[in-house]
Amino acid sequence: MQQFWQQVVSGIASGAIYASLALALALVYRASGVVNFAQGEMAMFATYIALAFMDHGLGYWEAFFATIAVAFAGGIAVERVAIRPVEQAPVLSVVIVTIGLLVIFNGLAAWIWTPQVQFFPSGFSGGTVEVGGVTIGWDQIGVIGVTLGAMLAFFLFFRFTRVGLTMRAAALNGEASRLLGIRVSWMLALGWGFASVLGAVSGMLIAPINLLTPNMMQSVLLYAFAAVVLGGMGSPVGAVVAGLALGVTLNLLGTYVDFVTPELKLPLALGVLLTVLVVRPQGLFGKPAVRRA
């Protein structure tokens, strides 16, 4: 039983990272109807910026919050420059733009910082604490705490602040919001900014584990896609729950099912994604699309 809870805790730590990136995908999709294939590369680029801040003398947490500010501004800039000009274009055109952004951010990171593996420090001590016979690393506690804290902050922001409520209204009904004087296009841009912040948090938390390379977020993005599809593309709550559940489930399968090796975890996540798309396309928390005859 001790081993079971040990794996559950480890699964929650990895699932929290998937959940934060899945929430970023859900925010962008809910705000603008766009599936942002560049979300992982934007997170990776922000992580390199955090490393640059630390190389120039900032402490970990100073660089962390400075990077969040840069990521927020960068997300808004990406929406204004790359997405807004094609927001009325066919869906395939927008998808191609986000794939183009993926390639651009990946290439820029390799060009500016080289494609070599780089060490990214952790903001948490390497010690452990024992709870009920289960050994939990402080880094795991830190990852879970920071990720869930960021998610809680966004929940409170969208639930109780005027700007958050305005953004929700703009996402739900853009035309009615425009009639009420809401600048819908800027609300959508803010959605991209906040999604970029969540991605940056995810990147800075996974980098000490995966090590920092231009390709480090690609597998994480696939796990996040599986989570957001499982939870429902338009459901932030579903994205978080599914991300945590996916992390725990994959960890338990890797421990108790002999043929599930670390190399099979990603194919299993993709299998979940494909199964949900076939059986329940709207996800567990999403609402089915209703078409009038």
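**Entry 1: H2 against H4**

I began with the pair H2 and H4 in this predicted model, and I noted the two helices as roughly parallel to each other, because angles under 35 degrees count as roughly parallel and H2 packs against helix H4 (residues 91–113) at an angle of about 25°. Their axes are 8 Å apart, and I recorded the crossing of H2 and H4 as left-handed.

I then looked up which residues make this packing: on the H2 side I found Glu41, Met42, Met44, Phe45, Tyr48, Ile49 and Ala52, and these meet Leu102, Phe105, Asn106, Leu108, Ala109, Ile112 and Trp113 in H4. Sorted by type, the residues of the contact of H2 with H4 come to twelve nonpolar, one polar and one charged.

**Entry 2: H1 against H8**

Next I turned to H1 and helix H8 (residues 184–210), whose axes come within 8 Å and cross at roughly 165°. Angles over 145 degrees count as roughly antiparallel, and I therefore entered H1 and H8 as roughly antiparallel to each other. H1 passes H8 in a left-handed crossing.

From H1, I listed Ile17, Ser20, Leu21, Leu23, Ala24, Leu27, Val28, Ala31 and Ser32 as making the contact, and from H8, I listed Leu188, Trp192, Ala195, Leu198, Gly199, Ser202, Leu205, Ile206 and Ile209. The residues of the contact of H1 with H8 divide into 14 nonpolar and four polar, with no charged residue among them.

**Entry 3: Asn36**

I went on to the loop between helix H1 (2–32) and helix H2 (39–55), where Asn36 has its place. Is Asn36 buried or exposed? I found a relative accessible area of 0% for Asn36, which means that this residue is buried.

I then asked what the side chain of Asn36 reaches, and I found the backbone nitrogen of Ala38 at 3.0 Å, as well as a polar contact of 3.2 Å with the side chain of Gln39. Leaving out residues up to four places away in sequence, I noted that Asn36 touches Leu25, Val28, Met42, Thr98, Trp192 and Phe225. Some of these names were already in my earlier entries: Val28 and Trp192 are listed in the contact of H1 with H8, and Met42 is listed on the H2 side of the packing with H4.

**Entry 4: Gln140**

I looked up Gln140, which is found in helix H5 (residues 138–160). The relative accessible area of Gln140 is 18%, and because buried means under 20%, I entered this residue as buried.

The side chains of Gln140 and Ser10 are joined by a polar contact of 3.2 Å. With residues up to four places away in sequence not counted, Gln140 touches Val9, Ser10 and Ala13.

**Entry 5: positive phi values**

Last, I looked up backbone angles in two loops. Thr114, in the loop between H4 and strand S1 (128–131), has a phi near 70°, which is a positive value in a residue other than glycine. I noted Thr114 as partly exposed, with a relative accessible area of 37%.

Leu211 lies in the loop between H8 and helix H9 (218–231), and for this residue, which is not glycine, I again wrote down a positive phi, near 70°. Leu211 is partly exposed, with a relative accessible area of 34%.

Notes: Residues numbered from 1 in each chain as written. Predicted model: local features only at pLDDT ≥ 70, side-chain atom pairs only at ≥ 80, totals over all residues. Heavy atoms only, no water. Helix = DSSP H or I, 4+ residues; strand = E, 2+ residues; numbered from the N terminus. Buried < 20%, exposed > 50% of the residue type's maximum accessible area, 1.4 Å probe, protein only. Polar contact = N/O pair within 3.5 Å; in protein donor to acceptor, adjacent residues only side chain to side chain. Contact = heavy atoms within 4.5 Å. Axes fitted to C-alpha atoms, helices over the stretch in contact; angles between N-to-C directions. Parallel < 35°, antiparallel > 145°, perpendicular 65-115°, else oblique. Left-handed = near helix turned anticlockwise from the far one by under 90°. Nonpolar A, V, L, I, M, F, W, Y, C, P; charged D, E, K, R; others polar.
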